[in-house]
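Please work through the exercises below with the sequence and the model open beside you, and try each task before reading its solution.

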Amino acid sequence: LPKNHISHYDLNELTTSSDALAKREEVLILTPMSKFLPQYWENLNKINYDHSLISLGFIIPRNEDGDATLKKLEAAVKKVQSSDAKTKFKKVTILRQDSNSLESQAEKDRHALKVQKERRSMMALARNSLVFTTIAPSTSWVLWLDADIVETPPTLIQDLALHSKPILSCNVYQRYVDESTGQDSIRPYDFNNWVESEEGLKIAAGLSEDDIIVEGYAEMATYRPLMAHFYDANGDKNTEMALDGVGGGAVLVKADVHRDGAMFPSFPFYHLIETEGFAKMAKRLGYEVFGLPNYLVYHYNE
Ligand code: GDP
Ligand code: MN
């Protein structure tokens, strides 16, 4: 280290290219984590982008569930980071949230329409704390990966970076057993990847300043085309689709999008909040938002 402790970084030299791995571009993987799922951790460790180029960042709620999660995460991190193996990551940062969380994380409680504004607003604060405290001058890409995404291709980072988009979202599905046939099957999970519709704009125009639209609720029929429904099992995995809203399940973002100020609004922003508001804010900053309808990742099934 130089004696004067001055570090220089030329952000002009920081690339975000379709050939990320060959160019040795650094990736920051960010996960807000209410529960520690071993399947998430195993899947994450199988990601075959050079781990010495990957930093991890977590934010954990300050409630009792968070205490248990923190213990499990710390034990798992210690195991990987104390080895000299190739699986070791560049850096791991664990933050304890200083803002509130929902009391009940049970699926039926957290998905009730009436708690969405509060819940998504709390999630937005957690995501903002996470990204703005962990982003480094050397970060090229930020991969948002929820703690309950339990299955992705190991080539996730290379596959997404290949498209070199400011924001690129995967299609989040879920495995389940079809009760009528007893067969293993898949179904759409995340409806926050969408294209704006006339009806959506009309609903927004009639709302009062503080009201929000959350996608995926029959009570608020927007008729927005949802990426979840554009999946074609025989289609090209690289098919792109322009989006206006994204979810947070598995999304690759050029770090410059966040550096330029795009964040997760915890307040109604064009009647949108959190990840959906983030897409809107990025678009207002002049960035394009895309999704890959045929590129599936899987959400845990409670
Ligand atoms: P859903 O899949 O849309 O039902 O949303 P989740 O409840 O899975 O939340 C998205 C991500 O945020 C997951 O990785 C959760 O573990 C995490 N999460 C949920 N609630 C909180 C919270 O209050 N604080 C933090 N730090 N993370 C949370
Ligand atoms: Mn989830």
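The exercises that follow concern two helices, one strand residue, a pocket and a cavity in a predicted model.

**Exercise 1. Decide whether the length of helix H2 agrees with what is expected at 1.5 Å a residue, and find which of its residues are buried and which are exposed on the opposite face.**

Solution. Begin with the length: helix H2 covers residues 64-81, which makes 18 residues, and at 1.5 Å a residue these should span 26 Å. The C-alpha atoms at the two ends of H2 are 26 Å apart, so the expected and the computed span agree.

Next, list the buried residues of H2, which are Gly-66, Thr-69, Leu-70, Leu-73, Ala-76, Val-77, Val-80 and Gln-81. Because they cover an arc of only 145° around the axis, they lie on the same side of H2. A general rule helps here: an α-helix has 3.6 residues a turn, so residues three or four places apart point the same way.

Now turn to the face of H2 that points away from the buried side, where the exposed residues Glu-64, Lys-71, Lys-78 and Lys-79 are carried. Finally, ask what covers the buried residues of H2: the cover includes helix H1 (38-45), strand S2 (54-60) and strand S3 (91-96).

**Exercise 2. Describe the largest pocket by its volume and its lining, and state which element gives the most residues to that lining.**

Solution. The volume of the largest pocket is about 930 Å³. Its lining is made by 42 residues, and the closest of these to the centre of the pocket are Arg-110, His-111, Arg-119, Asp-146 and Asp-148. Two or more lining residues come from each of helix H3 (107-110), helix H4 (116-134) and helix H8 (274-284), and H4 gives the most, with seven residues. Sorted by class, the lining of the largest pocket holds 16 nonpolar, 14 polar and 12 charged residues.

**Exercise 3. Examine helix H4 and decide whether Asn-128 is buried or exposed.**

Solution. H4 has 19 residues, and the distance from its first C-alpha to its last is 27 Å, close to the 27 Å expected at 1.5 Å a residue. Asn-128 is found in this helix. Its relative accessibility is 13%, and since buried means under 20%, Asn-128 counts as buried. Other buried residues of H4 include Gln-116, Arg-119, Met-122 and Leu-130. Leaving out residues up to four places away in sequence, Asn-128 touches Met-263 and Phe-264.

**Exercise 4. Find how Ile-149 is placed and what it is in contact with.**

Solution. Ile-149 lies in strand S5, which takes in residues 149-151. With a relative accessible area of 1%, Ile-149 is buried. When its neighbours within four places in sequence are left aside, Ile-149 is in contact with Tyr-40, Asn-43, Val-172, Gly-249, Val-297, Tyr-298 and His-299.

**Exercise 5. How many cavities of 30 Å³ or more are found in the whole structure, and what lines the largest cavity?**

Solution. The search of the whole structure finds one cavity of 30 Å³ or more, and the largest cavity holds about 40 Å³ of space. Among the residues that line the largest cavity are Arg-127, Trp-144, Val-246, Phe-264 and Phe-278. Strand S9 (250-254) and H8 each supply at least two residues of this lining, which divides by class into six nonpolar, three polar and one charged.

Conventions: Residues are numbered from 1 along each chain as its sequence is written. Chains are lettered from A and ligands numbered from 1 in the order in which they are written. This is a predicted model: local features need pLDDT of at least 70, side-chain atom pairs count only at pLDDT 80 or more; totals for chains, interfaces and linings use all residues. Side-chain values use heavy atoms; hydrogens and water are left out. Helices (H or I, at least four residues) and strands (E, at least two) are DSSP runs, numbered from the N terminus. The expected span of a helix is 1.5 Å times one less than its number of residues. Buried means under 20% relative accessible area, exposed over 50%, partly exposed in between (1.4 Å probe, protein chains only). The arc is that of the directions from the helix axis to the C-beta atoms. Contact means heavy atoms within 4.5 Å. On a 1 Å grid over the protein atoms alone, a cavity is a set of points where a 1.4 Å probe fits but cannot get out, and a pocket is an open set with protein on both sides within 12 Å along at least five of seven lines; lining residues have an atom within 4 Å of a point. Grid points are joined across faces, edges and corners, and a volume is the space filled by probe spheres set on the points. Ala, Val, Leu, Ile, Met, Phe, Trp, Tyr, Cys and Pro count as nonpolar, Asp, Glu, Lys and Arg as charged, and the others, Gly among them, as polar.
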